[in-house]
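Please look through the chain shown here before reading on. The paragraphs below are meant to be followed with the structure open beside them.

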Amino acid sequence: AMSEAQTSSSSSSSVSSNSTNGKKDMKSSKAQQANDQKGVGTGDGHWEMKKVEIPDDNSCLFTAVGYVCEKGGSPSMNHASTLRQVCASLAISTRDYSEAVLGKKPDLYSREILNPQKWGGGIEVAMLS
């Protein structure tokens, strides 16, 4: 069973004027004001936080990322396998994730990350971002 708690709080932030470019600050400030007025998630100027219990099954990172990225309706917790496949494919298909970054050869990494008992971490977050 999934336990959930919801909280809402007003979103407020200010843009500092550390920049010497006043136009840039003004644009940033206007964009922030528009975002503050619109809100994130609720559309009424409030942030909505929702605590969701994610299974501690060694795929929790992939499950959580899939959960928060799913749009509309009732989010699912069934995306871990798909996101593992994305990471495996990226390791092989791009030079961004070399042996030096992965700590092992990309083909070995891609086989290992498909194992549902293998934890995800910072590299996988970077790949999925």
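What follows is a walk through a predicted model, from its overall make-up to the packing of its helices.

The protein chain contains six helices and two strands, and from the N terminus on these elements run in the order β-α-β-α-α-α-α-α. Of the 129 residues in the protein chain, buried ones make up 20%. Among the contacts in the protein chain with a separation of 6 or more, 51% join residues that are 24 or more positions apart.

A useful place to begin is helix H2, which spans residues 60–69 and in which Phe-62, Thr-63, Val-65, Gly-66 and Tyr-67 are buried. The elements that cover these buried residues of H2 include strand E2 (46–52) together with the helices H3 (80–93), H5 (106–113) and H6 (122–128). Two cysteines can be set beside that buried group: Cys-60 has a relative accessible area of 36% and is partly exposed, whereas Cys-69, at 52% relative accessibility, counts as exposed. As for disulfides, a pair of cysteine sulfur atoms would have to lie within 2.5 Å, and by this rule the count comes to zero.

How do H2 and H3 pack, and at what angle? Their axes are 8 Å apart and the angle is about 100°, and because angles of 65 to 115 degrees count as roughly perpendicular, H2 and H3 are roughly perpendicular to each other. On the H2 side the contact is made by Phe-62, Thr-63, Val-65 and Gly-66, and on the H3 side by Ala-80, Leu-83, Arg-84 and Cys-87. Sorted by class, the residues in this contact of H2 with H3 are five nonpolar, two polar and one charged. The H2 residues named here, Phe-62, Thr-63, Val-65 and Gly-66, also belong to the buried residues of that helix.

The packing of H3 against H5 can be followed in the same manner. These helices meet at an angle of about 175°, with their axes 8 Å apart, and since angles over 145 degrees count as roughly antiparallel, H3 is roughly antiparallel to H5. From H3 the residues Arg-84, Cys-87, Ala-88, Ala-91 and Ile-92 meet Pro-106, Tyr-109, Ser-110 and Ile-113 of H5, and the residues of this contact divide into seven nonpolar, one polar and one charged. Arg-84 and Cys-87 thus appear on the H3 side of the contact with H2 and also on the H3 side of the contact with H5.

Within H5, the residues Tyr-109, Ser-110 and Ile-113 are buried. Seen down the axis of H5, these buried residues fall within an arc of 100°, so they line one face of the helix. The elements covering them include H2, H3, H6 and helix H4 (99–102).

Is Ser-110 buried or exposed? This residue of helix H5 has a relative accessible area of 7%, and because buried means under 20%, Ser-110 is buried. Leaving aside residues up to four places away in sequence, Ser-110 touches Ala-88 and Ile-92, both of which are among the H3 residues in the contact with H5. Val-86, which also lies in helix H3, is partly exposed, at 35% relative accessibility. Measuring from C-alpha to C-alpha, Val-86 and Ser-110 are 9.5 Å apart in space, while in sequence they are 24 residues apart.

Note on methods:
Residues numbered from 1 in each chain as written. Predicted model: local features only at pLDDT ≥ 70, side-chain atom pairs only at ≥ 80, totals over all residues. Heavy atoms only, no water. Buried < 20%, exposed > 50% of the residue type's maximum accessible area, 1.4 Å probe, protein only. Helix = DSSP H or I, 4+ residues; strand = E, 2+ residues; numbered from the N terminus. Contact = heavy atoms within 4.5 Å. Axes fitted to C-alpha atoms, helices over the stretch in contact; angles between N-to-C directions. Parallel < 35°, antiparallel > 145°, perpendicular 65-115°, else oblique. Nonpolar A, V, L, I, M, F, W, Y, C, P; charged D, E, K, R; others polar. Arc of directions from axis to C-beta.
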